[in-house]
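This report covers a metal site, a chain interface and a few single residues. Please view the model alongside the text.

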Amino acid sequence: MSLIEGRTGSWEVVIGLEVHAQVISQAKLFSGAATAFGAEPNTQVSTVDAAFPGMLPVINRYCVEQAVRTGLGLEAEINLVSVFDRKNYFYADLPAGYQISQYKRPIVGKGKIVLDMPDGTTREIGITRLHLEQDAGKSLHDQHAEYTYVDLNRSGIALMEIVSEPDLRTSEEAGAYLKKLRSILRYLGTCDGNMEEGSLRCDCNVSVRKPGAELGTRCEIKNVNSIRYVMQAIEHEARRQIEVIEDGGKIEQETRLFDAGRGVTRPMRSKEHAHDYRYFPDPDLLPLVLDPKAVEHIRRELPELPDAKKARFIRDYKLSPYDAGVLVGEKASADFYEAVAKGRDPKLAANWVMGDLFGALNRLNVEVESSPVSAKALGELIDLITDNTVSGRLAKDVFAAMVETGKSAAVIVEERGLKQVTDTGAIEAAIDAVMKAQVEKVAEYRSGKDKLFGFFVGQVMKATQGKANPGLVNELLKKKLAG
Amino acid sequence: MALDKATVARIATLARIKVPESDLEHLAKELSGILTWIEQLREVDTAGVEPMASVAEMTLPMREDHVTDGNCRDKILSNAPQQAHGFFLVPKVVE
Amino acid sequence: MTALTDLTIAEARDGLRKKEFSAGELAEAHVAAVERARPLKAYITETPDRARDMAAGADARLARGEGRALEGIPLAIKDLFCTEGVETTAASRILGGFKPPYESTVTANLWSAGAVMLGKTNLDEFAMGSSTTTSAYGPSENPWRRRGDNRPLVPGGSSGGSSAAVAARAAMGATGTDTGGSIRQPAGFSGIVGLKPTYGRCSRWGIVAFASSLDQAGPMTRTVRDAAIMLGAMAGHDPKDSTSAPLPVPDYEAALTGELRGLKVGIPREYRVDGMAAEIEQLWQQGIAWLRDAGATPVEISLPMTKYALPAYYIIAPAEASSNLARYDGVRYGLRVPGESLDEMYEATRAAGFGAEVRRRILIGTYVLSAGYYDAYYLKAQQLRTLIARDFSNAFKSCDFILAPTAPSAAFAIGEKADDPVAMYLNDVFTVPVNLAGLPGISVPAGLSSDGLPLGLQVIGRAFDEAMVLRAGDVIERAARFTHKPAFIAGGKE
Ligand SMILES: [Mg+2]
Ligand SMILES: [Zn+2]
């Protein structure tokens with residue numbers, strides 16, 4: 001557990017995250033309006049979403065199933081009876097003056113997320129609860145000098161609020177938690193995890209304390225919209241709190257905003273006066289009752305999740321926990337790897353996927369889904385290596401050529417004549433030529449300077465433009481140098 | 001229970017209803033009167049009684065995930081006191 | 001022949017089918033009656049042109065022999081029902097100018113049954129009241145007067161514009177909504193029939209919400225049969241309202257058999273409240289006798305929690321209202337009073353837009369839900385609601401329906417009780433428990449007070465047994481032969 005050093009000694013940071021994950025669905029949680037991102041303002045709004053007089057909510061069954069699916073993916077208890085409450089407060093983009101949420105009786109209870117630590121160990125982070133609620137609209141403050149513009153397209157879209165226990169201790173852990181959560185949501189297909197488009201938003205509850213002391217007063221940093229920012233915000237907030245306390249001040253419980261530009265957090269003005277949300281059961285809705293059979297059905301249909309996949313990769317492909325962890329991080333890369341590894345040396349496949357492939361993807365900065373080299377193509381290249389058609393070294397050049405031309409390995413090897421030379425006659429000829437040209441070196445070698453062996457190998461490879469089979473070169477060189 | 005002026009002012013702010021200082025006194029008296037009358041409920045022992053949120057003896061009906069509404073901006077904005085470029089306008093908010 | 005405006009819905013229906021008169025003539029007669037009734041302030045908005053158009057459509061259908069349940073019947077709509085393209089105010093300044101881009105399910109049902117819309121009727125602001133005096137458009141007047149006393153009286157409330165219009169023959173029937181008695185009490189005060197159906201029987205979709213767990217729409221008519229006809233058209237399952245009951249709607253008219261043999265009528269001991277006029281006690285006894293004559297057996301029942309229904313109601317209803325009325329914020333529709341900041345705009349708009357009683361109830365509701373008070377008030381009230389509902393289900397083990405007065409007094413003068421909210425709330429002592437339990441109840445005019453004002457008797461039934469309520473109400477109506485007419489039209493002005 002890593003601590004932060006202050007003037008008065010070291011401090012422990014205590015972090016809990018509240019993640020708002022937008023549910024993947026066609027229509028909104030309580031209305032039939034569409035959820036697509038990026039539509040013209042107020043074009044995906046019904047009179048229900050705009051809270052017109054007399055309008056009533058009717059819940060979307062698929063959104064409920066998505067919440068259950070997510071709960072099961074987090075190995076959490078599913079509450080067969082849950083209740084929707086109204087959270088009352090006034091804001092420009094909250095048309096009804098209340099948000100329909102779940103307060104006392106959420107649809108999902110305690111669960112957990114397992115983090116893979118860099119040192120290969122794992123750490124379990126508790127999930128307190130997951131509940132369904134409506135998203136609010138969007139306020140644009142920068143469009144006009146005197147007015148805020150309000151777009152209700154997002155108003156009423158289903159969100160899953162996923163609350164963690166205060167189990168996180170460093171910004172790195174917070175980052176790892178978000179990555180893992182996002183990965184699970186994507187595996188489940190319940191949230192696309194796109195933080196830029198706001199389909200995954202994070203509130204960070206941060207407090208500091210001397211190791212072993214009582215929990216300190218926490219501040220909530222609202223709506224941080226990238227994993228990097230979350231880590232920065234936590235870092236800054238922790239140091240700010242330590243400074244305040246060490247300067248003899250005390251932390252006020254408050255809601256703060258992260259200013260990504262300046263990398264600092266500041267109090268949120270619109271949340272200045274204390275809130276009193278006056279939660280009470282929404283009388284327009286009735287208790288949400290789930291059929292245990294339906295829940296079981298969803299459980300049976302769950303896809304293989306990252307942890308299970310990782311275990312299987314370690315077991316079946318004999319990969320290191322680290323490699324397996326990297327490969328299952330995104331479902332797409334795990335699938336890509338399995339396609340490549342099928343019927344081939346799994347370690348070799350892993351090296352190529354995590355090495356040259358990921359390297360290329362990073363350079364081009366594209367997702368594995370749109371990789372210029374398909375799993376099939378990479379597999380064929382590996383086959384050429386294993387059947388000695390091309391040397392491991394030249395294979396790297398072949399791969400580079402595949403990336404830029406999109407041609408198959410075989411074609412490139414053919415076109416560029418990179419076929420490995422295994423014909424002993426040709427190799428012996430090359431060796432003889434080298435030995436003739438290096439008479440002194442040969443003599444030195446024979447007089448015991450066998451360090452020179454590598455030099456001769458290099459010369460022979462050079463003479464064959466690297467195409468000679470390294471194994472044969474060694475074998476034949478030894479013979480001939482021995483004389 | 002008697003409400004004082006401060007409490008009435010706090011509730012009025014929560015409810016976003018402007019109440020002139022001069023009305024607080026009178027309003028506090030009026031609301032206190034109603035609350036005192038309401039508090040006869042205390043006579044009843046309700047220990048262990050389930051609270052009733054709705055009389056409807058049914059569970060929540062669900063609809064299918066189909067887009068059946070929206071795409072009617074003119075309707076949505078037709079009653080707006082102030083609008084521009086397809087947005088509702090409100091006095092500028094500082095976050 | 002009797003004036004067209006004196007006909008009941010059932011009579012008009014037959015007259016139209018027999019072509020004795022046209023829907024157009026019926027509509028014209030009522031449009032004129034609506035104008036004559038203006039001094040009563042029964043209507044907030046009159047829609048004569050729409051009435052004529054709809055009547056023309058009705059005549060076309062009748063000509064083709066395709067008349068529906070309410071073909072050509074002119075009705076008034078409480079101005080709490082959203083009507084597409086017709087200003088809907090809830091009698092509040094804050095909704096001034098609001099034209100809904102949609103039609104409430106209940107009114108849509110009426111129009112598709114062939115009914116004709118005369119206009120939107122006055123009410124207590126947001127239906128919060130028992131006198132229709134809190135309307136931003138001024139109080140409605142009861143067409144009745146005390147004998148030898150010309151002071152204007154309240155028509156009851158909150159559906160007082162509807163009851164006044166129907167009593168004054170300025171509509172054949174009207175919609176009302178009943179959250180704590182707002183259909184039955186004004187019906188009683190105005191000498192007409194008012195039926196509050198079981199919670200969930202009529203859709204709430206498109207009705208401006210007051211207290212969502214209590215609000216229920218129902219018919220207000222001059223006869224029990226008309227109430228049966230109108231309810232048949234209004235009721236039905238609505239997938240747009242999650243609390244709407246997925247039940248078929250029976251033929252209510254068929255329930256009016258005029259006889260009650262083998263049935264038990266429960267008489268609640270606790271409804272003998274102090275301060276109840278002796279003549280109301282007598283009327284109640286008279287009602288029991290009428291029901292006995294029709295074959296019913298009176299049994300005394302006990303509803304021990306009755307006295308706690310009002311205070312529980314005055315926590316639950318304002319709590320829900322404080323949240324339901326948060327949407328009136330000057331952003332998307334209705335009144336906006338400019339302000340420097342968003343909060344100033346909210347506070348100025350809501351202070352100017354809501355009247356005193358609505359502000360009072362929003363504040364009470366906000367208080368009882370606020371941190372530290374929820375359990376002491378709101379939760380406690382919900383627990384009492386459980387006990388009150390339990391009282392009724394126990395009572396219905398020993399009886400088939402319940403007879404009680406509609407209100408503890410007859411209509412009072414405008415301005416009376418205005419300065420004492422609690423005294424005003426007490427009007428609903430006999431009606432509120434029925435809302436808390438979600439049961440159907442009907443008020444039927446059964447007699448006159450000593451000073452000549454109508455008094456109503458209330459029949460309460462089991463959940464979704466509107467048929468029983470109508471059947472017993474019909475028996476009372478036949479026995480009472482209530483033919484008195486209000487001063488406003490007495491002498492048969494035509
Ligand atoms: Mg939260
Ligand atoms: Zn939330």
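In which helix of chain C is Thr386(C) found? Thr386(C) belongs to helix 12 (residues 375-395) of chain C, helices being DSSP runs of H or I with at least four residues, and strands E runs of at least two, numbered from the N terminus. The model is predicted: local features need pLDDT of at least 70 and side-chain atom pairs count only at pLDDT 80 or more, while totals for chains, interfaces and linings use all residues. Residues are numbered from 1 along each chain as its sequence is written, chains are lettered from A and ligands numbered from 1 in the order in which they are written, and side-chain values use heavy atoms, without hydrogens and water.

Leaving aside neighbours within four places in sequence, Thr386(C) is in contact (heavy atoms within 4.5 Å) with Val49(B), Glu50(B), Pro51(B) and Met52(B).

**Metal site**

The zinc ion (ligand 2) has the protein donors His20(A) (NE2), Glu133(A) (OE) and Glu161(A) (OE), at 2.0 to 2.1 Å. Donors are N, O and S atoms within 2.8 Å of the metal (3.2 Å for Na, K and Ca); water is not among the atoms, so sites may look incomplete. Along the chain, the zinc donors follow the spacing H-x112-E-x27-E. Glu161(A) also bridges to the magnesium ion (ligand 1), and the two ions lie 3.9 Å apart. Glu133(A) is in strand 8 (residues 122-134) and Glu161(A) in strand 11 (residues 158-164) of chain A, so the pair ties together parts that are 28 residues apart in sequence.

**Accessibility**

Relative accessible area is classed as buried under 20%, exposed over 50% and partly exposed in between (1.4 Å probe, protein chains only).

| Residue | Relative accessible area | Class |
|---|---|---|
| Glu133(A) | 2% | buried |
| Glu161(A) | 9% | buried |
| Thr386(C) | 12% | buried |
| Leu80(A) | 34% | partly exposed |

Leu80(A) sits in the loop between helix 1 (61-73) and strand 4 (81-82) of chain A.

**Interface of chains C and A**

Contacts join 39 residues of chain C to 31 residues of chain A. The two chains bury about 2,800 Å² between them, 58% of it on carbon and sulfur atoms; buried area is the accessible area (1.4 Å probe) that two parts lose on being put together, summed over both. On the chain C side, Ser242(C), Arg327(C) and Arg332(C) lose the most area to chain A, together 21% of what that side buries. The count of salt bridges between these chains is one, a salt bridge being a side-chain nitrogen of Lys or Arg within 4 Å of a carboxyl oxygen of Asp or Glu. Asp284(A) and Arg204(C) meet in a salt bridge through their side chains, at 3.1 Å from N to O.
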